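Got your viewer open and a selection tool at hand? Here is a tour that goes from stop to stop, telling you what to select and what you will find there.

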Amino acid sequence: TCERKIVSCAYCMGEVEAGDKEEHEKLCLRRPTKCPKCNEEFLFGETDAHLSSICSKRMVQCTNAHCEKIVRAENFDTHVRLNCRFRAETCDCSKVIPAAEMRVHKLTECPMRRLRCRMCRRSMNAQDSLQHELHQCPFRTTECPNCSVNFFAKDI
C-alpha cells in the first residue's frame with residue numbers, strides 16, 4: 001500500500017498518512033491504555049492527570065500538621081481521619097489535641113479529668129477541686145470564729 005495514502009486513526013478517527021498510522025496510534029491521545037499501578041483503563045491523553053491525581057495507588061502525603069507519612073491514595077482518608085497520630089481530636093473539655101497526645105492530656109492536664117478530694121475522697125472534675133478543697137469540703141480545716149481553734153468545717 002502507498003505510504004502517503006490517507007487513512008483513519010482507529011482511536012480518534014483523525015486522518016493520517018498510512019506510513020505514520022502506527023506511530024500516530026501509539027501516541028494518539030484517544031487510545032485506551034491501562035495504568036501500570038492500579039490497572040484502571042483511561043485514555044492515553046489522560047495519563048498525567050490519572051497518575052498525579054486519580055490513581056488509587058499513587059503515593060500522597062498526609063495533610064495533618066506535622067505528619068510526614070506518605071500513603072497510597074486509596075488509604076489516605078483512613079490514615080488522615082483514623083490512623084494518623086497527628087490527627088486532631090477534640091477532648092471533652094473542648095480542647096483540640098493531636099491524637100498521640102490525648103491520653104496524656106486526659107490523665108494529667110484536662111480540667112474535666114476526675115480527681116478525688118484528698119480529704120473527703122469525693123470524686124469531682126479537676127477544674128472544681130481547688131474550689132472544693134478551699135471552700136466546700138466538710139473535712140477542710142477552718143478556724144472557729146469564736147475561739148480561733150482549727151476544726152473540720154463539718155464540726156463548726
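**Stop 1: Asp92 and its partner**

Begin by selecting Asp92, which is exposed, with 63% of relative accessible area. As you look around, keep in mind that this is a predicted model. Now add Lys106 to the selection: the side chains of Asp92 and Lys106 meet in a salt bridge, at 4.0 Å from N to O. Lys106 belongs to helix α4 (residues 99-109), while Asp92 sits in the loop between β7 and β8, so the pair ties together parts that are 14 residues apart in sequence. Is Lys106 buried, exposed or partly exposed? With a relative accessibility of 39%, Lys106 counts as partly exposed. In general, side chains of opposite charge can pair when their charged atoms come close.

**Stop 2: Ser94**

Stay with the loop between β7 (88-90) and β8 (96-98), and pick Ser94 there. What is unusual for a residue that is not a glycine? Ser94 has a positive phi, of about 80°. The residue counts as exposed, because its relative accessibility is 57% and the cut-off for exposed is over 50%.

**Stop 3: Asn39**

For another positive phi, go to Asn39, which has a value of about 70° although it is not a glycine. You will find Asn39 in the loop between β3 and β4 (41-43).

**Stop 4: Lys57 and Glu74**

The count of salt bridges in the model comes to 6, and the next one to display is formed by Lys57 and Glu74. Their closest N and O atoms are 3.0 Å apart. This pair links distant parts of the chain, 17 residues apart: Lys57 is in the loop between α2 (47-54) and β5, and Glu74 is in helix α3 (residues 73-83). How accessible are the two partners? Lys57 is partly exposed, at 25% relative accessible area, and Glu74 is partly exposed too, at 40%.

**Stop 5: along helix α1**

Next, select Lys21 and Glu25, another salt bridge, with the closest N and O atoms 3.8 Å apart. Why does the helix separate them by about one turn? Lys21 and Glu25 are 4 residues apart in helix α1, which means about one helical turn lies between them. Colour the pair by accessibility: Lys21 is partly exposed, with a relative accessible area of 27%, whereas Glu25 counts as buried at 16%.

While you are in helix α1 (residues 21-27), click on Glu22. Glu22 is exposed, with a relative accessible area of 59%. Together with Glu3, Asp20 and Glu23, Glu22 gathers in a surface patch of negative charge.

**Stop 6: Arg31**

Move on to Arg31, in the loop between α1 and β3 (32-34). Which side chain of opposite charge is nearest to this residue? That is Glu25, 8.3 Å away; Arg31 is buried yet has no salt bridge. For a polar contact, turn to the backbone: the side chain of Arg31 reaches the backbone oxygen of Lys26 at 2.9 Å.

**Stop 7: Asn64**

Asn64 is placed in the loop between β5 (59-61) and β6 (70-72). Is Asn64 buried or exposed? Asn64 counts as buried, at 15% relative accessibility. What does the side chain of Asn64 reach? Draw a distance to Val80, and you should find the backbone oxygen of Val80 at 3.2 Å from the side chain of Asn64.

**Stop 8: the positive patch**

Now show the surface and select Arg114, Arg116, Arg121 and Arg122, which form a positive surface patch. Arg116 is placed in strand β9 (residues 114-116). Arg116 counts as exposed, at 51% relative accessibility.

**Stop 9: His132**

For the last stop, pick His132 in helix α5 (residues 126-136). His132 is buried, with a relative accessible area of 2%. To finish, stretch a distance line from His132 to Lys34. How far apart are these two residues in sequence and in space? They are 98 residues apart in sequence, and their C-alpha atoms are 69 Å apart in space.

Conventions. Residues are numbered from 1 along each chain as its sequence is written. Side-chain values use heavy atoms; hydrogens and water are left out. Patches are made of residues with over 30% relative accessible area and no salt bridge: like charges are joined within 9 Å, nonpolar side chains (Val, Leu, Ile, Met, Phe, Trp, Tyr) within 5 Å. Accessible areas come from the Shrake-Rupley method with a 1.4 Å probe; for residues, only the protein chains shown count as cover. Lys and Arg count as positive and Asp and Glu as negative; His and the chain ends are not counted. The place of a charge is taken as NZ of Lys, CZ of Arg, CG of Asp or CD of Glu. Helices (H or I, at least four residues) and strands (E, at least two) are DSSP runs, numbered from the N terminus. Buried means under 20% relative accessible area, exposed over 50%, partly exposed in between (1.4 Å probe, protein chains only). A polar contact is a pair of N or O atoms within 3.5 Å; within protein, one must be able to donate a hydrogen and the other to accept it, and residues adjacent in sequence count only if both atoms are side-chain atoms.
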